[in-house]
Amino acid sequence: MSKQEKKDQTQELIKETTKNLFFVKGKFDATTQEIADEAGVNRTLINYYFRSRDNLVQVVFDEAHKVEKEKSEIIMRSDLSFKEKISQFIDGSLSTSLQYPYLETYIVSQINKGSCHKRDVEKEDLEMFYRDIKKEMELGTIEKMEPVQFIFNMISLLVFPSAIRPLFMENMMISDKEFDRLIADRKEIILNLLFKN
């Protein structure tokens, strides 16, 4: 293995370890030392590759944001039927929730801190999506409401259970495995709540 390949591999290991700590385990305040220990590398390598914990966090946030943006593009730029677009968006969101249970919580926490913020959607795309929603309302496939309310409903149904995962698990006495099963089963439930037929 070349020196560059080893460097790239170590850098990727540090990023993946940080994602695992943040998005899978929900340890958003993991220190540089905790990340290094979990990755099995010397702490100085984190500073060598990323210059600081803040830079590493920004890189991880940017990659997480990219995942969210790609999900949004399914809805905004696809030629699929409206219901199929929503169905694929739900699939992508639920898959991401299963892979990274704390991703949405992390993104919101970073936005609330003011340290990381990026818009996922362009204004023209959003206006076109609103028109699609209004058209579906006129066709009678979804309930009439402000288009933004339809989006609120969809995102709430998708994100809220994962966003408060630890609280649900503790109060409902649900294991990780059972919670994941419940999340995986949500697609049809969400579609049935959003669409009349």
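Is Tyr49 buried or exposed? Keep that in mind while you open the model, which is a predicted one. Tyr49 turns out to be buried, with a relative accessible area of 16%. We'll come back to this residue in a moment.

**Stop 1: the whole chain**

Zoom out and switch to a cartoon view. You should find 11 helices and 0 strands. Follow the chain along its sequence and the pattern reads α-α-α-α-α-α-α-α-α-α-α. The C-alpha atoms fill a box of roughly 60 × 40 × 35 Å, taken along the principal axes. Of the 197 residues, 38% count as buried. Now think about who touches whom: among contacts between residues at least 6 apart in sequence, 66% join residues at least 24 apart. Keep an eye out for such long-range partners on this tour.

**Stop 2: Thr10 and the tyrosines**

Select Thr10, which lies in helix 1. Thr10 counts as buried, because its relative accessibility is 13% and the cut-off for buried is under 20%. Which residues does Thr10 touch, not counting those up to four places away in sequence? Show side chains around Thr10 and you'll meet Val41, Leu45 and, back again, Tyr49.

**Stop 3: aromatic rings**

Time for rings. The count comes to 11 aromatic pairs. Select Phe22 and Tyr106 for one of them: the ring centres are 5.2 Å apart, and with 45° between the planes this pair is tilted. Look at where the two partners come from. Phe22 sits in helix 1 (residues 3-24) and Tyr106 in helix 6 (residues 103-113), so this pair links distant parts of the chain, 84 residues apart. Both ends are tucked away: Phe22 is buried at 0% relative accessibility, and Tyr106 is buried with a relative accessible area of 0%.

Compare that with Tyr48 and Tyr49. Their ring centres are 5.0 Å apart and the planes stand at 70°, so this pair is edge-to-face. Tyr49 is the buried one you met at the start, while Tyr48 is partly exposed, with a relative accessible area of 49%.

Before moving on, select Phe22, Phe23, Phe28, Tyr100 and Tyr106 together. Ring pairs link these residues into a cluster.

**Stop 4: salt bridges around Glu63**

Next, colour the charged side chains. The structure holds 11 salt bridges. Select Lys15 and Glu63: their side chains meet in a salt bridge of 2.7 Å, N to O. Lys15 belongs to helix 1 and Glu63 to helix 4 (residues 53-77), and the two are 48 residues apart. Lys15 is buried, with a relative accessible area of 14%, whereas Glu63 is partly exposed at 25%.

Stay on Glu63 and add Lys19. How far is it, N to O, across the salt bridge between Glu63 and Lys19? The answer is 2.5 Å. Glu63 lies in helix 4 and Lys19 in helix 1, so this pair ties together parts that are 44 residues apart in sequence. Lys19 is buried, with a relative accessible area of 11%.

**Stop 5: a bridge from helix 11**

Jump to Lys187 and Asp91. Their side chains meet in a salt bridge too, at 3.1 Å, N to O. Lys187 is in helix 11 (residues 186-194) and Asp91 is in helix 5, with their positions 96 residues apart in the count: the pair links distant parts of the chain. Lys187 counts as buried at 19% relative accessibility, and Asp91 as partly exposed at 34%.

Now step back to the Glu63 area and select Glu12, Lys15, Glu16, Lys19 and Glu63. Salt bridges that share partners join these residues into one network.

**Stop 6: two helices side by side**

For the last stop, show helix 5 (residues 82-99) and helix 10 (residues 176-184). They pack at an angle of about 170°, and their axes are 9 Å apart. That angle makes helix 5 roughly antiparallel to helix 10. Which residues meet here? On the helix 5 side, pick Leu94, Ser97 and Leu98; on the helix 10 side, pick Asp180, Ile183 and Ala184. The residues of this contact divide into 4 nonpolar, 1 polar and 1 charged.

Technical notes: Residues are numbered from 1 along each chain as its sequence is written. This is a predicted model: local features need pLDDT of at least 70, side-chain atom pairs count only at pLDDT 80 or more; totals for chains, interfaces and linings use all residues. Side-chain values use heavy atoms; hydrogens and water are left out. Axes are lines fitted to C-alpha atoms, for helices over the stretch in contact, and angles run from 0 to 180 degrees between N-to-C directions. Helices (H or I, at least four residues) and strands (E, at least two) are DSSP runs, numbered from the N terminus. Angles under 35 degrees count as roughly parallel, over 145 as roughly antiparallel, 65 to 115 as roughly perpendicular and the rest as oblique. Contact means heavy atoms within 4.5 Å. Ala, Val, Leu, Ile, Met, Phe, Trp, Tyr, Cys and Pro count as nonpolar, Asp, Glu, Lys and Arg as charged, and the others, Gly among them, as polar. Rings of Phe, Tyr and Trp (its six-membered ring) pair if their centres lie within 6.5 Å; planes under 30 degrees apart count as stacked, over 60 as edge-to-face and the rest as tilted. Buried means under 20% relative accessible area, exposed over 50%, partly exposed in between (1.4 Å probe, protein chains only). A salt bridge is a side-chain nitrogen of Lys or Arg within 4 Å of a carboxyl oxygen of Asp or Glu.
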